[in-house]
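Q: Could you take me through one residue close to the start of the chain, and then show me how it fits into the rest of the model?

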2 protein chains.
Amino acid sequence: MTKERLYIYDTTLRDGQQTQGVQFSTPEKIQIAEMLDTLGVDYIEGGWPGANPTDSGFFDAAPQTRSTMAAFGMTKRSGRSAENDDVLAAVMNAGTPAVCLVGKSHPFHVETALGITLAENLENLTASFKHITANKREALFDAEHFFDGYKANPDYALQCVLAAYKSGCRWVVLCDTNGGTLPDEIAAITKAVIAAGVPGTHLGIHTHNDTENAVAGSLAAINAGARQVQGTLNGLGERCGNANLTTLIPTLLLKPQLAERYETGITKGALHGLVKISRQLDDILNRVPKNQAAYVGASAFAHKAGLHASAILKDPTTYEHIDPETVGNARIIPMSNQAGQSNLRKRLADAGLGVQKGDPALNRILQAIKQREEEGYSYDTAQASFELLARRELGLLPDFFEVKRYKVTVERRKNKYNEMVSLSEAVVVVKIGDDKKLSVSESMDSEGHDRGPVNALAKALAKDMGPYQACIDDMRLVDFKVRITDGGTEAKTRVIIDSEDGAGHRWSTVGVSPNIVDASFEALLDAINWKLIRDGAGV
Amino acid sequence: MTKERLYIYDTTLRDGQQTQGVQFSTPEKIQIAEMLDTLGVDYIEGGWPGANPTDSGFFDAAPQTRSTMAAFGMTKRSGRSAENDDVLAAVMNAGTPAVCLVGKSHPFHVETALGITLAENLENLTASFKHITANKREALFDAEHFFDGYKANPDYALQCVLAAYKSGCRWVVLCDTNGGTLPDEIAAITKAVIAAGVPGTHLGIHTHNDTENAVAGSLAAINAGARQVQGTLNGLGERCGNANLTTLIPTLLLKPQLAERYETGITKGALHGLVKISRQLDDILNRVPKNQAAYVGASAFAHKAGLHASAILKDPTTYEHIDPETVGNARIIPMSNQAGQSNLRKRLADAGLGVQKGDPALNRILQAIKQREEEGYSYDTAQASFELLARRELGLLPDFFEVKRYKVTVERRKNKYNEMVSLSEAVVVVKIGDDKKLSVSESMDSEGHDRGPVNALAKALAKDMGPYQACIDDMRLVDFKVRITDGGTEAKTRVIIDSEDGAGHRWSTVGVSPNIVDASFEALLDAINWKLIRDGAGV
């Protein structure tokens, strides 16, 4: 059977940006676009050019992707031509190959929200999409509130999507904007649209998760004939979020009844990176990854029930709907030390530490990780700190140096110009062999800006490491993430530091303490120790 | 039209307990049973008597509920009679009116996991359910792996459920144990079971969320004729969780096409308490509530997009699928650089600040927000800092006090027992009117634990505020979130602080600086200023 092509349209950078608490910077948007391109989605909706500085900055930077870049905007307003609508002009000026415009298809919204006549709205749709295609761009129509509109006035809703389709739209996207439409309604209405004359190969589906049915509604539309599906990574989006592509993509690729029928632009190899991409996005947004997320959650293949765990050891298919490896995830059997050990050996091998099966150090390492995770540490991303912990238990961690003490001062006061300014100063005392080194640094950078106490501490620590100085000279702190664990009066701070060297290698370390400076210091020490080991210093 | 009765079966206390990281105590289980009873579910599955001390303790306590209490167990083992199976006896001895036994219906599991013949399994099912009904209990059969079993061998799967039904089961529950079955398959197979002779009024559905379709799969089974639905509060459960009753219940009660057809034991009044129950459960488990949860999440009715926010002000149904009040939730219009003036006026009004349409201050406030958001501030959650910013532009912010300077010292060194210990000390100089106050505090708490520099700073700041002291004495820092914005060498720290007073009011403030101590200090200052305004200090 010839497979039908399904197109994946990602709107993480536009609708995902509507998530409460999410605020992308332009560099973050560029980074996410690169992740989406690696994954292999067909379209990346980058934002709304002209709507805010971040989105404009993104399109100015014009990241090059194999995925088709789409700019989002709205259909032209009444009382002016498409050519003379400045909002639409800003969208066109972004110069993207695809342009997606949201417009009305629900009479109530045309009359109440826009305050124009139903005929005017149809004219605006036609003029807008003719303008886009005349400018040789691929046109998409996000038919806002389409399902609610169809239920209120099927004739008018169909007129709107037909007008857009006949004006040259490559895709008419049926949007369940309020997220309240159930999957069986989505299926029936999608079929009605196809019957009315918009072919399924030109129909897209855009759902929201307000009844937890965004994924199911998308699948219902695909089963009814739609061939484009819109969604976001990790289900980000306005209110309860959009259809979760991190769930839809593996479902489309791994469920036999779908995989036999449809093909996407996403390879099995790219699918293997799904967990990594999901976590990267959480890292960028400093969001706690959702343990129970379908396919990619840390608990998605955790078998806690005793009956399940024992059957899993006989045959994993007894309690797993897919092989976790296919999406880059891993099985967890909390109660089974045996499974824990094989997982651990795999991770140690990844770090170049070959350990024999049955080595008693494996159990010691597992116990140490368990205890530290109870204290708030997390080794999911801090691979360098994990390696140091394992080396300690394996007797493979040299004592490069010892920190005797440190002191950091943060001061805020008026300067001679009567402005409030801050300055931090750090003193670190390190013993290397018999040699005691006292170093002091301040938090001012070369441009006279205060960079804070952790910066001062990092500089003091790296100032004079005697025989190791050459090895650490090219190290640089590139990212710094802080999370509060536990909460309340027992709150502890977890700091994850990403370091980079001159060759572009990057590594992550973790520190935990109720004192944020201490937690940072611990992560900094791990970062230096790991670099010294990797470069073979004094070993 | 006469409505058909749908039965809600809650398994939070059994399958919900299989969530990784969830561990109920007996008193917690009793508390949750009371919450479920208040909500009005038909059945509460309390656990597995005899399987662990917590579950046994729960049934020993025998909480009295209007909901039917069910004990969970497994069908009798081969080679002994139902009367002589000690595992089954422990379940029966709990004395609950209903007994639910899990059993096999998939040939692979019968032969691989149990290692018995297909005929033996049928005998075990029959004997077990005859035993339960002979003892005048309501019997339920959780048909494990039913959908996978049906796909592998429809005849045998149907023989199993028919055997249970004919042995007196009130309910045959079709379980998608591995969570991999899609809603359309669930619909088709449920119809096949009804056609084979188990009436829909005796059929239940039990789904898992491994493809994010647990709610949709449950609705598909109901549409196909099943009349009992199993699930958990907040979607707790093994791996990715069970069908989320916190979502299914409002969907069943509020979506017209379902509400017109079915009735449940849950009243509109009880539905109004849904958000509260969801949060109570998170509190008991010390889990962070999921902001984007359908219906009950704090962001479920948050309208961030500017176009949405302005339409919501005209008519909330423009972007809401239900009235948030019906589930005890509330609308939020967060501030962000995408929001417009109407959105702003609404949010000011919520803060008790009435501003006329067209007031030039509105634009000044929007510009100030925009600029600050570019600097890394975020006012989505920090409502108190938003109010202070708006008051500043409106000339409504009193100068309660001025901070002249502060100094924080963080020191780590060996104590007299040769252990490395940390201690922070903060000095703050504040001017109130003509009065200059110098305060010093250290980071040690009453139990001798170091709580870090921000804690020392907060204590010093709140130590002597002269005339305002009484007003701030009951303030307490309850949460502290940190994230790095921008990244790289221009990295800035954004700190969000949640404060609480003695009356249980809670408010959030934000501070931004490359220096984490400075950012925290700014958020602390906002927290105090907001409290002084709210309590009308000196105004």
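A: Glu4(A) is partly exposed, because 13 C-beta neighbours fall inside 10 Å of it, and a residue needs 20 or more to count as buried. Please keep in mind that this is a predicted model. Glu4(A) sits in strand β1 of chain A, which spans residues 4-5. Setting aside neighbours within four places in sequence, Glu4(A) is in contact with Arg227(A), Arg261(A) and Tyr262(A). For another distance, take Ala243(A): 239 residues separate Glu4(A) and Ala243(A) in sequence, and their C-alpha atoms are 21 Å apart in space.

Now for the part of the chain around Glu4(A). The domain assignment gives domain 1 of chain A as 4-266 and domain 2 as 402-534. The C-alpha centres of these two domains lie 46 Å apart. An unreviewed UniProt entry carries the annotation "domain: Pyruvate carboxyltransferase" for residues 6-272 of chain A. That span is 44% helix and 17% strand, and its end C-alpha atoms are 19 Å apart.

Stepping back to the whole chain, chain A has 20 helices and 16 strands. Its C-alpha atoms fill a box of roughly 85 × 75 × 40 Å along the principal axes. Of its 539 residues, 51% count as buried. Among contacts in chain A between residues at least 6 apart in sequence, 67% join residues at least 24 apart. As for confidence, chain A averages a pLDDT of 91, with 96% of the residues scoring at least 70. The model as a whole has an ipTM of 0.77 and a pTM of 0.77.

A buried residue makes a good contrast with Glu4(A), and His145(A) is one to look at. His145(A) is in the loop between β6 (138-144) and α6 (146-152) of chain A. Its 26 C-beta neighbours inside 10 Å are why His145(A) counts as buried. His145(A) also has a positive phi of about 55 degrees, although it is not a glycine. Over in chain B, Asn234(B) has a positive phi of about 55 degrees too, and it is not a glycine either. Asn234(B) lies in the loop between β9 (228-231) and α10 (245-254) of chain B. With 25 C-beta neighbours inside 10 Å, Asn234(B) counts as buried.

Next, the two chains together. Their contact takes 90 residues from chain A and 92 residues from chain B. On the side of chain A that touches chain B, strand β11 (residues 402-414) gives the largest share, nine residues. By class, that side of chain A has 34 nonpolar, 36 polar and 20 charged residues.

His109(B) gives you a specific place to see a contact across the chains. His109(B) is in helix α4 of chain B, residues 107-114. It is buried, because 22 other C-beta atoms lie within 10 Å. Leaving aside neighbours within four places in sequence, its contacts are Thr318(A) from chain A, plus Lys104(B), Leu114(B), Glu144(B) and His145(B) from chain B. By comparison with these contacts, Ala300(B) is 191 residues away from His109(B) along the chain, and their C-alpha atoms are separated by 41 Å.

Finally, the interior. In soluble globular proteins, nonpolar side chains tend to be buried together. Here the largest nonpolar core has 199 residues, and Val172(A) and Val172(B) touch the most other members. Outside its neighbours within four places in sequence, Val172(B) is in contact with Phe141(B), Ala143(B), Val161(B), Ala164(B), Tyr165(B), Val198(B), His202(B), Leu203(B) and Gly204(B). There is also a second, separate core of 95 residues, which includes Val454(A), Leu532(A), Leu461(B) and Leu477(B).

One helix of chain B is worth viewing in this setting. Helix α9 of chain B (residues 214-224) is largely enclosed by the rest of the structure, because ten of its eleven residues are buried. Among the buried residues of α9(B) are Val215(B), Leu219(B) and Ile222(B). Just after α9(B), Gly225(B) takes a positive phi of about 130 degrees. If you turn back to Glu4(A) from here, you can set this helix with its ten buried residues against a residue that counts as partly exposed.

Note on methods: Residues are numbered from 1 along each chain as its sequence is written. Chains are lettered from A and ligands numbered from 1 in the order in which they are written. This is a predicted model: local features need pLDDT of at least 70, side-chain atom pairs count only at pLDDT 80 or more; totals for chains, interfaces and linings use all residues. UniProt positions are given in the numbering used here, feature names are shortened, and annotations may be inferred rather than shown by experiment. Helices (H or I, at least four residues) and strands (E, at least two) are DSSP runs, numbered from the N terminus. pLDDT is the predictor's confidence in each residue, from 0 to 100. Domain bounds come from an automatic or database domain assignment. A nonpolar core is a set of buried Ala, Val, Leu, Ile, Met, Phe, Trp, Tyr and Cys residues joined through C-beta atoms within 7 Å. A residue is buried if 20 or more other C-beta atoms lie within 10 Å of its own, exposed if 12 or fewer, and partly exposed in between; C-beta atoms are placed from the backbone. Two residues are in contact if their C-beta atoms, placed from the backbone, lie within 7 Å. Ala, Val, Leu, Ile, Met, Phe, Trp, Tyr, Cys and Pro count as nonpolar, Asp, Glu, Lys and Arg as charged, and the others, Gly among them, as polar.
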